[in-house]
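Work through the exercises below with the sequence and the model side by side. Try each task before you read its solution.

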Amino acid sequence: MKQLLKVPVLMARAFSSSARQLRNKVPEVQKLFQEDNGLPVHIKGGTGDVLLYRLTMTVTTAGTCCCLYWLVVASLPQKKA
């Protein structure tokens, strides 16, 4: 029961205004994304963005091929033995 009484205190500490101040990184990121270096915006973020993009394209292509395969299988009549 004592643990339940501590919850409001812990929540107040988690959202208190005395938390450490974070540095605003928005201007730096804006410069990175507005830079004209010939890259599409979805891969300007670096290696992580490139890997995520390639993974997404791979999964999308595999899913499309799988769907097309099953559509072809479903559209062909089965032979009666």
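**Exercise 1. Find out how far the sulfur of C67 is from the closest cysteine sulfur, and explain what follows for disulfides.**

Step 1: The sulfur of C67 has its closest cysteine sulfur in C66, at 5.8 Å. Step 2: A disulfide is a pair of cysteine sulfur atoms within 2.5 Å, so the distance from C67 to C66 is too far for a bond. Step 3: Seen from C66, the closest cysteine sulfur is that of C67, again at 5.8 Å. Step 4: A search of the whole structure accordingly lists 0 disulfides. Step 5: C66 is classed as partly exposed because its relative accessibility is 42%, where buried means under 20% relative accessible area, exposed over 50% and partly exposed in between, with a 1.4 Å probe and protein chains only.

This is a predicted model, in which local features need pLDDT of at least 70 and side-chain atom pairs count only at pLDDT 80 or more, while totals for chains, interfaces and linings use all residues. Residues are numbered from 1 along each chain as its sequence is written, and side-chain values use heavy atoms, with hydrogens and water left out.

**Exercise 2. Describe the helices of the protein chain and the confidence in them.**

Step 1: The protein chain has 3 helices and 0 strands, where helices (H or I, at least four residues) and strands (E, at least two) are DSSP runs numbered from the N terminus. Step 2: Along the sequence, this gives the pattern α-α-α. Step 3: The mean pLDDT of the chain is 86, and 86% of its residues reach 70 or more; pLDDT is the predictor's confidence in each residue, from 0 to 100. Step 4: Confidence is lowest in helix α1 (residues 2-14), with a mean of 71, and highest in α3, with a mean of 96.

**Exercise 3. Identify the salt bridge and state how accessible its two partners are.**

Step 1: A salt bridge is a side-chain nitrogen of Lys or Arg within 4 Å of a carboxyl oxygen of Asp or Glu, and by this rule the count is 1. Step 2: The partners are R23 and E28, whose side chains meet at 2.7 Å, N to O. Step 3: R23 is exposed because its relative accessible area is 57%, whereas E28, at 44% relative accessibility, counts as partly exposed.

**Exercise 4. Describe the aromatic pair and its geometry.**

Step 1: Rings of Phe, Tyr and Trp (its six-membered ring) pair if their centres lie within 6.5 Å, and planes under 30 degrees apart count as stacked, over 60 as edge-to-face and the rest as tilted. Step 2: The structure holds 1 aromatic pair. Step 3: Y69 and W70 form this pair, with 5.1 Å from centre to centre and 75° between the planes, and the arrangement is edge-to-face. Step 4: W70 counts as exposed because its relative accessibility is 52%.

**Exercise 5. Place F33 and V41 in the chain and state how accessible each is.**

Step 1: F33 lies in helix α2, while V41 lies in the loop between α2 (26-34) and α3 (47-75). Step 2: F33 is partly exposed because its relative accessibility is 31%, and V41 is exposed because its value is 56%. Step 3: The C-alpha atoms of F33 and K44 are 6.4 Å apart, although 11 residues separate them along the chain.
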